[in-house]
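Hi everyone, thanks for coming. Please have a look at the picture on the screen, and then I'll walk you through it.

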Amino acid sequence: NDAKQRIYIMIINLICIGSKPKASEKESIEYYTKQLPKNFNVNFTYLKNLSSSKLSTKEIIKKESAILLNNIPQESYVISWDLEGKQISSADFANLIKQKIQSKKSISFLIGGSHGFTNEVKSKSDMVLSASLLTFPHKLFRLILVEQIYRAHTIIANMPYHK
């Protein structure tokens with residue numbers, strides 16, 4: 001049988017309000033992304049933070065939320081990260097990614113600005129998660145999320161990384 005089974009390319013989008021990473025942050029993120037298999041495609045979209053403008057906090061949240069929503073690829077499973085979201089374990093996170101691989105559906109993770117995002121973003125999300133009740137700087141959270149994506153891969157592949 002010469003029919004080769006196609007390997008599904010798992011597309012994972014991190015859509016973030018905030019500046020592009022500095023060299024040290026980029027290096028840390030790449031430490032994990034480079035260890036992912038070739039069929040894991042992690043894309044970053046960095047969208048301008050409006051906090052330095054003369055807008056009110058409410059206006060900033062509304063405009064940044066609209067920018068986030070406009071950058072979600074069609075047909076993507078959308079997961080927003082919010083303090084009020086559901087907390088799940090690394091094993092449950094791995095199962096979530098595995099389900100999306102099996103259903104051939106890309107995932108878009110939304111990371112809002114320092115003021116968060118509107119309820120509209122949450123309602124248009126397929127899932128709202130919280131990494132912790134602690135507050136993290138965006139550059140650290142992006143690294144945590146990429147590490148969790150790598151950890152999910154190791155759980156799915158039954159590799160010894162996850163303890």
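**A walk through the model**

Let's begin at the surface: the protein exposes about 10,000 Å², and carbon and sulfur atoms supply 51% of that area. Please keep in mind that this is a predicted model.

Now for the overall layout. How many helices and strands are there in the protein? There are five helices and five strands. If you read along the sequence, they follow the pattern β-α-β-α-β-α-β-α-β-α.

What about the overall dimensions? The C-alpha trace spans about 65 × 30 × 30 Å along its principal axes. For the radius of gyration, a compact globule with 163 residues would come out near 15 Å, and the protein has 16 Å, which agrees.

Next, the inside. Of the 163 residues in the protein, 41% are buried. Here is something about how the chain meets itself: take the contacts with a separation of 6 or more, and 84% of them are between residues 24 or more positions apart.

On to the charges. The protein has 23 positive and 13 negative charges, and the mean positions of the two sets are 3 Å apart. Some charged side chains pair up: a search of the whole structure finds six salt bridges. I'd like to show you a few of them.

Please find Lys122. Lys122 forms a salt bridge with Asp82, and their closest N and O atoms are 3.4 Å apart. Why does this pair tie together separate parts of the chain? Lys122 lies in helix α4, residues 119-123, while Asp82 lies in strand β3, residues 77-86, so the bridge joins parts that are 40 residues apart in sequence.

Are these two buried or exposed? Lys122 has a relative accessible area of 18%, and because buried means under 20%, Lys122 counts as buried. Asp82 is buried too, with a relative accessible area of 15%.

Lys122 has another partner. Glu84 forms a salt bridge with Lys122, again with the closest N and O atoms 3.4 Å apart. This pair also links distant parts of the chain, with Glu84 in strand β3 and Lys122 in helix α4, 38 residues apart. Glu84, though, is exposed, at a relative accessible area of 69%. Put the three together, and Asp82, Glu84 and Lys122 are linked in a network of salt bridges.

Let me add one more bridge. Lys124 forms a salt bridge with Glu120, and here the closest N and O atoms are 3.0 Å apart. Lys124 counts as exposed, at 51% relative accessibility. Because exposed means over 50% and partly exposed lies between that and 20%, Glu120, with a relative accessible area of 40%, is partly exposed.

My last stop is Glu147. You'll find Glu147 in helix α5, residues 138-156. Glu147 counts as buried, at 10% relative accessibility. Which residues is Glu147 in contact with, leaving aside its neighbours within four places in sequence? They are Tyr32 and Tyr161. You can also compare Glu147 with Ser19: the two are 128 residues apart in sequence, and their C-alpha atoms are 19 Å apart in space.

To finish, here is the part I'd like you to take home: Lys122 in helix α4 is joined to Asp82 in strand β3, and Glu84 belongs to that network of salt bridges as well. Thanks for listening!

Terms used. Residues numbered from 1 in each chain as written. Predicted model: local features only at pLDDT ≥ 70, side-chain atom pairs only at ≥ 80, totals over all residues. Heavy atoms only, no water. Helix = DSSP H or I, 4+ residues; strand = E, 2+ residues; numbered from the N terminus. Rg over C-alpha atoms; globule rule 2.2 N^0.38 Å. Buried < 20%, exposed > 50% of the residue type's maximum accessible area, 1.4 Å probe, protein only. Contact = heavy atoms within 4.5 Å. Areas by Shrake-Rupley, 256 points an atom, 1.4 Å probe, with all protein chains shown as cover. Lys, Arg positive; Asp, Glu negative; His and termini not counted. Charge placed at Lys NZ, Arg CZ, Asp CG, Glu CD. Salt bridge = Lys/Arg side-chain N within 4 Å of Asp/Glu carboxyl O.
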